[in-house]
Amino acid sequence: MIDKRLTGLIADSKRYVYLTIFLNWLSLLFHIFFVYTLASAVRVLFTGEREHLTLFLVATVLNLLAKFLTMRLVALTGHKASYQVKMELRDKLFTKLTKLGVSYREKFSTSELLQISMEGVEQLEIYFAQYLPQLFYSMLAPVTLFVALVGVSWPVAVFLLICAPLIPFSIAMVQKFAKKLLGKYWGAYTNLGDHFLENINGLTTLKIYGADQRKSDEMDRDAEHFRKITMKVLSMQLNSIIIMDIIAFGGAAVAMMIALFQFRSGHVDVIGLVAIIFLAAEFFLPLRSLGSLFHVAMNGIAAGGKIFHFLSLEEPEEKTGTIESTAITMSAVKFSYTSEKEVLRGINMYLPENSFSAISGASGCGKSTISGIISGRNKLYEGSVTFGERELADVREEDLLKHVTVVGHNDYIFAGTIRENLLFAAPEATTEEMIAVMRRAELDELLQGDAPLERVLTENAANLSGGQKQRLVLARAILKNSPVYIFDEATSNIDAESENKIMKVIYEMKKKHTVILISHRLHNLIPADNIYFMEGGIIVEEGSHDKLLEKDGAYARMYHEQMNLERYGMEGIQ
């Protein structure tokens, strides 16, 4: 069972596979020599020719030492093959991921990618480092043993050679069933992983709404389904191993009986009898070991199918274009996450260079989808998006990421120091520059002490307040100093004081950058040069704040509703 697609993945690791096969075969030759040496020693004991016994003992010791060294080399080459395979596969996955770019999630889930990169590669490591060498060695071993025994007793040698293929035949009988079952196993495994990752990410929300028990029950059902499939896989493996053991040890026992009858009749001498007794099982053991690895190999092939699916995803064409102007034009842009619903339905928008534009509307109207298109995360759009005269579809992703920075409400802060997190944006930034952007983001409270930039942050800055974390995200974005900034609900879920501080910085940035503010809070959009108000995936109104109020349309209604709610809230406090 060889998958040519898989073997084509590891061109650099094949030499270790070949070397492992050769060393296993060499070890078998040493074992045959050892058996014949031992058989000769037994004959010497029977005949009383003790003068040759020392020679046989020395030969036996040297043979055992050679076999030990050979098996040691097998272990080392197996380790080398294992290491090389994992490195090659993960390198190919990472390279593919970088080629797909930030839009990979349109085609492949993150949790499934993690699973094939970890568990899937581990399964394929066993396939390459153990199964493939064992497969070829299992073909060589019976032929080698047949040559070693045919001169001793051709009936025994022929019988063993005929019986040996029964093991791979039994493997082939269950292969079709195993392939289908292991396909279900990997489907259940990835589904369980998807739900687990989702529940971990949303655990706080589940606790707040008291829905954690319901999700726990769903996870229990998924886990039980996975357990049942796992038990079926293990049951299949156990049953096939029992069949292989019956063939292996039964065949060896019959061969030994034939040898005993031939010994009694004088057709086989003591050396031949001992050789057959010790080597009969060797006809079956390589194939039996192969059978034990068969189900692991099938699991690896199932994992390989997932890996090939990811590696075969269509890559975007190599782009060569660069951005010369940050004036952004969107013409008749449409976008759908699924075929059932169109999120954007013909967007026409002009965002001038070094201007302050805003996009607003009710939740679900498509605001963040526009952000995803401009920043390159959503590539499968229809229509035209240009930076100056350059079509976005022709721009190199590296150049786009250099020019456009998106600041959202859930941007991640890594565990580590403040300095390490700021250096993500500008690796060459000086201490003075980092302190300056923190002051611009009004993070003076974090600049206390002798080494404020060395302050250690926990995962996602859990030891900061929500407002502090978001202002640190803003400071990091400022440090990047890109021409275009998209603030996508960057002030959501934080306190009013932090929101005001962040908006103050955003208003200042419009002097030197193209700023696009996406927000449902219309009060923050008042200073914008132009506001695009969306409903149902289309732009229904555009203009400055004052002009949109004069129109007394959808924007004005939403603005007055928000102001009334804020006044009502203030009256309630008083």
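The exercises below walk through a predicted model of one protein chain, each with a worked solution.

Residues are numbered from 1 along each chain as its sequence is written. In this predicted model, local features need pLDDT of at least 70 and side-chain atom pairs count only at pLDDT 80 or more, while totals for chains, interfaces and linings use all residues; side-chain values use heavy atoms, without hydrogens or water.

**Exercise 1. Overall form**

Task: State how many helices and strands the protein chain has, and decide whether the chain is spread out or a compact globule.

Solution:
- Start with the elements. The protein chain has 18 helices and 12 strands. Helices (H or I, at least four residues) and strands (E, at least two) are DSSP runs, numbered from the N terminus.
- Next, take the radius of gyration. The value is 35 Å, and the globule rule gives 25 Å for 574 residues, so the chain is more spread out than a compact globule. The radius is taken over C-alpha atoms, and the rule is 2.2 Å times the number of residues to the power 0.38.
- Then look at the box. Along the principal axes, the C-alpha atoms fill roughly 115 × 55 × 50 Å.

**Exercise 2. Burial, contacts, surface and charge**

Task: Give the buried share of the protein chain, the share of long-separation contacts, the accessible surface and the charge counts.

Solution:
- Buried residues make up 47% of the 574. Buried means under 20% relative accessible area, exposed over 50%, partly exposed in between (1.4 Å probe, protein chains only).
- Consider contacts with a separation of 6 or more. Residues 24 or more positions apart account for 77% of them. Contact means heavy atoms within 4.5 Å.
- The accessible surface comes to about 29,400 Å², and carbon and sulfur atoms hold 59% of it. Such areas come from the Shrake-Rupley method with a 1.4 Å probe; for residues, only the protein chains shown count as cover.
- There are 58 positive and 64 negative side chains, with the centres of the two sets 7 Å apart. Lys and Arg count as positive, Asp and Glu as negative; His and the chain ends are not counted. Each charge is placed at NZ of Lys, CZ of Arg, CG of Asp or CD of Glu.

**Exercise 3. Helices α15 and α16**

Task: Compare each helix's reach with its expected span, then say what the buried residues of α16 pack against.

Solution:
- α15 has 15 residues and reaches 22 Å from first C-alpha to last, close to the expected 21 Å. The expected span is 1.5 Å times one less than the number of residues.
- α16 (496–509) has 14 residues and reaches 20 Å, close to the 20 Å expected.
- In α15, 13 of the 15 residues are buried, so this helix is largely enclosed by the rest of the structure. N481 follows α15 and has a positive phi near 55°.
- In α16, the buried residues are S498, E499, K501, I502, M503, V505, I506 and M509.
- These residues pack against β3 (356–361), α14 (431–440), α15 (466–480), β9 (484–488) and β10 (514–518).

**Exercise 4. Two positive phi angles before α15**

Task: Place N460 and A461, and classify each as buried or partly exposed.

Solution:
- N460 is in the loop between β8 (456–457) and α15. A461 lies in the loop between β8 and α15.
- Phi of N460 is near 55°, positive in a residue other than glycine. A461 has a positive phi of about 55° and is not a glycine.
- N460 has 26% relative accessibility and counts as partly exposed. A461 is buried at 3%.

**Exercise 5. Single residues in helices and a loop**

Task: Locate H31, M87, T95 and G151, then find their accessibility and partners or distances.

Solution:
- H31 is in α2 (14–47). H31 is buried at 12%. Leaving aside neighbours within four places in sequence, H31 contacts K67, F278, L279 and E282.
- M87 is in α3 (53–100). M87 is partly exposed at 47%. M87 and Y18 are 69 residues apart along the chain, and their C-alpha atoms are separated by 18 Å.
- T95 lies in α3. T95 is partly exposed at 29%. T95 and W186 are 91 residues apart in sequence and 24 Å apart, C-alpha to C-alpha.
- G151 lies in the loop between α4 (110–150) and α5 (154–163). G151 is exposed at 72%. G151 and G272 are 121 residues apart in sequence and 9.0 Å apart in space, C-alpha to C-alpha.
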